[in-house]
Amino acid sequence: MEATKKEHQLIVSVSPHVKTDETTSRIMWSVSLALLPAALAGVYFFGLRALFITALCIVSSAVFEQLYFRMVGKKSAVGDGSAFLTGLLLGMNMPASLWSFSPFTVHVPVIASFVAVVITKQLFGGLGFNVFNPALIGRAFALISWPKAMTIWSEPTAAFLAMDAKTTATPLGILKEEGVVKLLEVFGDKMSLYMHLLTGNRAGSIGETSAIAILIGGLFLLYRGYITWHIPVSFLGTAAVIAWVFGGKGALFTGDPIVHLISGGMMLGAWFMATDYVTSPSVRKGQIIFGIGCGFLTMLIRLKGGYPEGVMFAILIMNCFAPIIDRGVKSKVFGAVKQNTAKENK
Amino acid sequence: MTGKDIVKITLNLVVIYVIGGLILALVYATASPVIFKNNEKAKQEALKQLMPDADAINKVGDWAPHEKHAEYFVAKKGDETLGYVVQSFGKGYSSYIDTLIAVDKDYTVRKINILHHAETPGLGDEIELDYFKDRLKGKDIDHLKVMKTETTEYVEAISGATISSRAVTEDAVKNGVNFLIKTVKEGGSGNVSEHHN
Amino acid sequence: MSQSTTINIKDQILNGIVKENTIFKLALSLCPSIAVTNNLKNGVLMGIAVLFVQVMVNITISLLRNVIQPKVRLPIFMLVISGWVTVTDMTMAATVPDVYKQMGLYIQLIVAFASILARAEMFASKNKFIPSMADGIGMGIGFLFALTVISFFRELLGKGSLWGMPIVHTKPVLMFILPAGGFFAVGILMAFFNWIDARYMKKSSHAAH
Amino acid sequence: MNSEFIKLFELIISASLINNFVFTRFLGLCIFFGVSKKMETAVGMSITFTAVMMISAAMSWVIFNFIMIPLDITFLKIIVFIGVVAGLVQASDTIMRKVAPGLYYKLGIYLALISTNCIILAVPLVNAGEKYSLLQSIAFAFGSGIGFALAMIIMASIREKLELADVPAPFRGLPMAFVVTGLIALAFTGFSGLITL
């Protein structure tokens, strides 16, 4: 006890924030804007329920953050948009079928938001200090706590107002349990499968289905310089190579990398989750290691693990390693450190 | 330290260790038969539960599904053979599922019981619920097949836990039944009574 | 026995439960605090097992304190502890086989509890029979209390039941009976006790001024 | 031969990642929380620990299989294994001090701590319970050591980062360490189902 008390007297005096509030808030709103196409595609395919779930996540995230600030007596920083972004990402990672009152599953996004904002972010000392991506922890918590509710996927439907769309399996679920032949059977032929996956006309979490919409957002972020190519490219590249080499049945080099790249949460994860400033390494070389790790773990879980989709766990596991990667790389590559600090001071 | 001290210390240690060892041996002597008896009783009860109308369930022999040790039994009422009980393992999602299967004389499944598993809580662990176990009732070897759609002819999968459902149905139970057919039926049912008379 | 010794014994017991609570305050013997607390029954039984071992070890050491050569005291303490753990282990295997199946390994690992050795070394080897027993009871009950609180919340939240009896018919937050949830539960409870402590200390210091 | 090799590999992966002692079996927590405050100590502890554990697992296996089983005194396994660990720690302390004082200066301080780490006792107990062969026992010990090292190093790097953070007062120190461990354990559930043992 005594020892810890002494410790935190020191901690309090350290000035906390890496970036100024102004830039933080600009980044947060830009990323949210970049997510808009994918979110809209989700609402288009999964109807109003998708909108409700996303809105619920955003509102609960903001409310919990506000309540937390009030409780500990800190100046509120809800306006910086980070709670909005966490809520938006969390909502986009949930199945639309959660908006259901019998069985009642509406509490799931609310509790997941609490876990994301309060436990994963604020307990660590707020934005800039969290080790794990809040939205992903929120989703992992929900997936493990309510495994059934979180894996009911509704068929994409044009019936915008429908409350209970037919349920179906995700493409990756079919691939894992019944194989690629069945997958092609469901979607017709290869071209039609690609088209469904690219536009987002397939079962999955609200915001992860439309590869094109996510790519538009990702390229926007890249163009504006909010993210660099290192993580997405190394992530997707590694995953593609592994899918190509080991993804086929029987022989090596017969897998289909494209299906793996544009299905599940791969695109959303690579462009929007793995690139999170706070929870990924800050040095370029470290980012490439981080991306390769994400790609490798994703494919390991997809091909050999228990879950059909591995993006979420892969990024979370790499989040654990990010501080070590930063340490390892920084102590060797001096040039990269200088570059990085220069950028942070800008 | 003088020689006398060393002798004293050694003596001290030896005496205390000997006394400790004696006490432990005494406890072991009383506890181990109870442990053994309890285990036997638990095993018999588990068997009895699967074949309530049998008055004797005797071990016939051993086999090794997935290279694990398992046993099989014959259930009798008086002289009449009611059916068989076989222990089997299925490779599940995150564990080998230890199952006990009771079959009728005609090798259709009567009842199954899950003895041990470590499947995902909330999903795969529903294999131990009655609603799923009942789905295997009355199935013969050709109908031990998991379907993801609604079915009563075959075995309907637990929603969201196809791997665990398959492990129980198509691995553990099907293999167990298949083993019984191969060894008991095709090996001649006379074999069974020979072993145990 | 005089008035003052009885008060001492009461203090000795209270000390183990509140001030030096093994888990929440000293943060020792943490392994079972998570491993066996996913249901109330296991948590309570584990607590009782530890209570039993702690009391018996304290009594034994206290009785032997004049016989044991100080130079070889540690090996003898270890023998006494592992002896009593073996007794507990075998007794539980014989009497509660279904519970033992789930937590046998953790019962055997009571041997490695730093708290038991520490009490033997710091208290029982220097004190008479009665205070040593009181100390053992206090520390043991403190441990039992911590395990009961943790397993109460974990079973209620994770399974919606208590001691196997369903309270609500759903599994509210399954996470809590899983490994990760165990860490959360203990972390949050510890923080809660810290918070109580801080508040209580503030109040009492105000009263003093 | 080949399948034996695969089994060893699976044991190592399983013990280090999927059934990591710290994250899924909650053992060695006292040391884990106590020593993971600084990276340097975490690394030193991990190396010493893995080495001592492999030797102690091998020794315990030999004693268990060649002495205790023939004499039918397996009920004494707790006492014997803890004796082996304590003796080994004492012996390596003396030997290291004489043979490699430099190394002793670096890693010696962790030796004393090791005997209070319950993983070092749990590994031989699990080995005995699962009836692993000598090679498998060593592989299991190695995997467990690697898993513990991984956990310690991750935890140390995160705690160093947390030192600069404004953690709310009641959570400072140990409670926060618990929450962090919970989050790592949550991330590591992604490995579940990778290997069925």
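How many residues of chain C are in contact with chain A, and how many residues of chain A do they meet? In this predicted model, nine residues on the chain C side are in contact with seven on the chain A side. Between them, the two chains bury about 730 Å², and carbon and sulfur atoms account for 76% of that area. On the chain C side, the most area is lost to chain A by C:V173, C:L174 and C:M175, which together make up 46% of what that side buries. The chain C residues that touch chain A comprise seven nonpolar, one polar and one charged. Turning to polar interactions, the count of salt bridges between chain C and chain A is zero, while two residue pairs are in polar contact, both at pLDDT 80 or more.

A second site worth a look lies within chain A. A:R202 sits in the loop that runs between helix 9 (190–199) and helix 10 (211–224) of that chain. Is this arginine buried or exposed? With a relative accessible area of 1%, A:R202 counts as buried, because it falls under the 20% cut-off. A polar atom of the A:R202 side chain lies 3.2 Å from the backbone oxygen of A:E208. Leaving aside residues up to four places away in sequence, A:R202 touches A:F46, A:P156, A:P171, A:F187, A:H196 and A:L197, as well as A:E208, A:T209, A:I262, A:S263 and A:G264. A:E208 therefore appears both among the residues that A:R202 touches and as the owner of the backbone oxygen 3.2 Å from a polar atom of its side chain, in a residue that is buried.

Note on methods
Residues are numbered from 1 along each chain as its sequence is written. Chains are lettered from A and ligands numbered from 1 in the order in which they are written. This is a predicted model: local features need pLDDT of at least 70, side-chain atom pairs count only at pLDDT 80 or more; totals for chains, interfaces and linings use all residues. Side-chain values use heavy atoms; hydrogens and water are left out. Contact means heavy atoms within 4.5 Å. Buried area is the accessible area (1.4 Å probe) that two parts lose on being put together, summed over both. A salt bridge is a side-chain nitrogen of Lys or Arg within 4 Å of a carboxyl oxygen of Asp or Glu. A polar contact is a pair of N or O atoms within 3.5 Å; within protein, one must be able to donate a hydrogen and the other to accept it, and residues adjacent in sequence count only if both atoms are side-chain atoms. Ala, Val, Leu, Ile, Met, Phe, Trp, Tyr, Cys and Pro count as nonpolar, Asp, Glu, Lys and Arg as charged, and the others, Gly among them, as polar. Helices (H or I, at least four residues) and strands (E, at least two) are DSSP runs, numbered from the N terminus. Buried means under 20% relative accessible area, exposed over 50%, partly exposed in between (1.4 Å probe, protein chains only).
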